[in-house]
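This report goes through one structure step by step. Look at the sequence and the model before reading on.

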Amino acid sequence: MARKKRNSGAQKLLLLQLSCAFFAQSCAAITPKHESCSPATEVLQVAPNIYVRPGHAAVVFEADEIANLGFIVGDRCVAVIDTGGSVAEGRALDCAVRTITDRPVCYVINTHVHPDHLLGNAAFVRPGVEFIAHAKLPRALALRGDIYLERASAYEGRKLDASGIVFPERTVTGTVELDIGGRILTIRAHDSAHTDHDISVIDEKTKTAFLGDLVFLEHLPVIDGSINGWIDELDEISALSMDYVVPGHGPPRASWPVAATLTLQYLTELRDQVRAWIAHGGDLASAQDNIGSSQSDDWRLFDRYQRRNVGAAYAELEWED
Amino acid sequence: MMNIPHSTVFGGLLGIANLLLMLAPAAGQATTVEEDMIWTGGLRQAYFGDRPITQSDDLIVLDVPKRAENAAIVPVSITARIPQTHERFIKTIYLIIDKNPGALAGKFHFTPKSGRADLAFRVRIDAYSPVRAIAETNDGQLYMSRRFVKASGGCSAPAGSDLDAAMARLGKIKLKTHGEGQLAEPVSAQLMISHPNLNGLQMDQLTRLYAPAHFVRYVKVSFEGEEVFSAETSFGISENPSFRFFFVPEGEGQLTAKVVDTKDLEFSQTLDVAAAGDQQLALD
C-alpha cells in the first residue's frame, strides 16, 4: 500500500518559521547536519537545552509526525518525552538527539498510550535507556497493543511484530524526580483526564513543562479518559508555576496557564451541553447528532472527533447522580 | 483512508462473489451482495433456517451511524412502525452484526404491554459489517431492516473510559422514565447497568492470556409483575449496557428490572410509577 505523502521540505520549513515567528527569541530552528545517522528530524529549541519536534494535526494512522515530541539535555544524559507514531519516527528523533549532543539517552518517558506518541519506542530499546510511564499505562497498552500493531501494519504496508510494542520498565504513581545532571525533572502521574494514565514532565530549571495531551492547541481535544477528571486536573495544574509548556498537539511552546484555557473552555462547554441533554432524556445517538461547540471553527479535526467526544462524555456523565 | 484487509474466509469466497456480481442486475446491488456473503453463506441459515424473511423497513426501521467514531460504543435504535396490540405485535427483535465474533448481539422480547417495540442500546462492532435487525411478529413473520456500518476494533479495544471507575460501580442499576407520562399510553423508560461486559477477546499482552468473558446475559423488566421487555444478550453489547424501551402503565405501580450476568450474579432495581393527577403520571 502506498504511504501517505509526507509534508514537503518547503511546508516543513514554513511550519518552523511560523512557529518561531510566533514565539519568543529563544525558539530557534535547529537543522542537524551530522551525517552519522539519517534521516534526522528537524527540532526547535524552546528553552535552553530543551527541544521539540513539532507535530501537525492529523488522524492517527492516516499521517506521520502528528504529536509534539521532545527531549531535554542534561549534563549527564538525555530524557526523551514521547517517541512518535512509528519506529522510523522514533529513529529520526533519536538521530536529532545525537546531532545535538553526545550525551546518551537515559530515559524515555511516555506521556500516555496513544500510538502517535508511543509507537516510536522501539527505536530507543538499548542498554542504558529506561522507559518510564504512568502505573496504569501497562494495562492500557496490554488492552490496545494488538490493535495498534494491526492498524500500524496496515498504514505502513508491512507486518509489524510484537517488538513494536515497548512496555515501561518503571512506572510512576504520584510524583518522581529524575536527575539528568544539572537539572531535575519532576514526573507527575495525573488522575484520569485525557486518558486514565497521563504523565507530565516539568524541567525545574527553566520552568518548562511537557504536558502531553493534557493540553491541546489547534487539534481538537480528544476525550479518552474522563471529562470530569480532565477539567479537574486542568484546574489543579493551572496553579503550578510554569513559564512555558509544550502541548501534546499544537505549537511547540505556549505560555502557562493561558495554554490550558481553550482546552478547558471546550471541555466545560461540552460537559454543560451533554449534561443538559441527558437531563432532558435525550439519548446517545441524538446527542452525537446535535451537540456542537461554539469553538467549532477554532479547532482542526473538529468534524472528525466531536461525535466521539460527545459519546465519551455522554457515557461518563449518564452515571452521575 | 486506511484500508481494512478482508478476512481470509472472505478472500476465499471472492470467486463466488465475482460470480454473483455478474448475475446481479444492477451495479448498486453488487456491493450489497459482497457485503452479505457471511449472511447468505450460513448466518441466515443458522438463525432462521429456510423461513422467509422480508427485507424492508415497513415493520421496523434500524438506525445506526454509517461510520462509528468509537467502535466500542455504537448507538443502535430500532423504531417499530406498528403499535403493539393483542391482535398483532412484534414478539422478538434479533440484532445481528455479521462480522462480529458471536454475530448475534441480542434477542429482545416485547409484549402487548410494551406499547411500542421501540428499542435503543449500544453495541461493539469489530469490522466493517452489515448490521441487521430482524423482527418476528406474533404470527411468526420475519422482517429485516439492514444497514452497513463502517467501524473496526470494537471488540478487542476497551471503550476507552476510566476502567477503575467502571469496575467500582459493577452492578449498579439505574431505572428511569422519560418525558410526559399518561395512563394507558406507552411511556419511554431506560434501564442502565454498570457492568464491564468483558467479552473475552481482550488480550493481556504481558501474559498472552485473554481476560475471561464476564457479561450481562439476561435482563427482564416487568410492570406490576407483567413482562414488558426482556433480552438475551451477548458481549456484542457495549460495556455499561443501556436499554431504552416502552411500557404501558394501566395504573400506578412498580417497574422492576432484573439483570443476570454470566457469573450468575443478579442485580435488580425498582421504580415507583405514581399518578400525579387525572390520567397524568408522575415520572422520575
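How many bridges join strand 14 of chain B to strand 15 of chain B? The answer is six, and the two strands run antiparallel. The model is predicted, and the sections below describe what was computed from it.

## Strand 14 of chain B and its two partners

Strand 15 of chain B covers residues 226-233. Within the pairing of strands 14 and 15, B:F223 has B:E226 of strand 15 as its bridge partner. The two strands form a hairpin, with two residues between them. One residue of the turn, B:E224, has a positive phi of about 50°.

Strand 14 of chain B, which spans residues 216-223, is also joined to strand 17 (residues 253-261). Here there are seven bridges, and the strands again run antiparallel. B:S222 is one of the residues involved, with B:T256 in strand 17 as its bridge partner.

## Chain B as a whole

Chain B has 284 residues, and 42% of them are buried. Its secondary structure consists of five helices and 19 strands. Consider the contacts in chain B between residues at least 6 apart in sequence: 68% of these join residues at least 24 apart.

## Chain A as a whole

Chain A has 321 residues, of which 53% count as buried. It contains eight helices and 14 strands. For contacts in chain A between residues at least 6 apart in sequence, the share that joins residues at least 24 apart is 67%.

The average pLDDT of chain A is 89, and 89% of its residues score at least 70. One stretch of chain A, residues 1-26, has a pLDDT that stays under 50. For that stretch the model has 27 contacts beyond four places in sequence.

## An open sheet in chain A

Which strands of chain A make up the open sheet, and in what order? There are six of them, arranged as 9-10-11-12-13-14, and their pairing is mixed. The edge strands are strand 9 (175-179) and strand 14 (254-255), each of which pairs on one side only.

At one of these edges, strand 14 of chain A pairs with strand 13 (residues 244-249) in the antiparallel sense, over two bridges. In this pairing, A:Y244 has A:S255 of strand 14 as its bridge partner.

## Two helices of chain A in contact

Helix 5 of chain A covers residues 227-237, and helix 6 covers residues 261-279. Their axes come within 10 Å and cross at roughly 145°. The crossing is left-handed.

Which residues of helix 5 of chain A meet helix 6 of chain A? They are A:I227, A:W230, A:I231 and A:L234. On the side of helix 6, the residues met are A:T263, A:L264, A:L267, A:T268, A:L270 and A:R271. Sorted by class, the contact has seven nonpolar, two polar and one charged residues.

## A buried alanine

A:A96 lies in helix 2 of chain A, which spans residues 87-100. Is A:A96 buried or exposed? A:A96 is buried, because 24 other C-beta atoms lie within 10 Å, and 20 or more are enough for a residue to be called buried.

A:A96 can also be compared in position with A:L214. The two residues are 118 residues apart in sequence, while their C-alpha atoms are 25 Å apart in space.

Definitions and conventions:
Residues are numbered from 1 along each chain as its sequence is written. Chains are lettered from A and ligands numbered from 1 in the order in which they are written. This is a predicted model: local features need pLDDT of at least 70, side-chain atom pairs count only at pLDDT 80 or more; totals for chains, interfaces and linings use all residues. pLDDT is the predictor's confidence in each residue, from 0 to 100. Two residues are in contact if their C-beta atoms, placed from the backbone, lie within 7 Å. Helices (H or I, at least four residues) and strands (E, at least two) are DSSP runs, numbered from the N terminus. A residue is buried if 20 or more other C-beta atoms lie within 10 Å of its own, exposed if 12 or fewer, and partly exposed in between; C-beta atoms are placed from the backbone. Two strands pair if DSSP finds at least two bridges between them. Axes are lines fitted to C-alpha atoms, for helices over the stretch in contact, and angles run from 0 to 180 degrees between N-to-C directions. A crossing is left-handed if the near helix is turned anticlockwise from the far one by less than a right angle, and right-handed if clockwise. Ala, Val, Leu, Ile, Met, Phe, Trp, Tyr, Cys and Pro count as nonpolar, Asp, Glu, Lys and Arg as charged, and the others, Gly among them, as polar.
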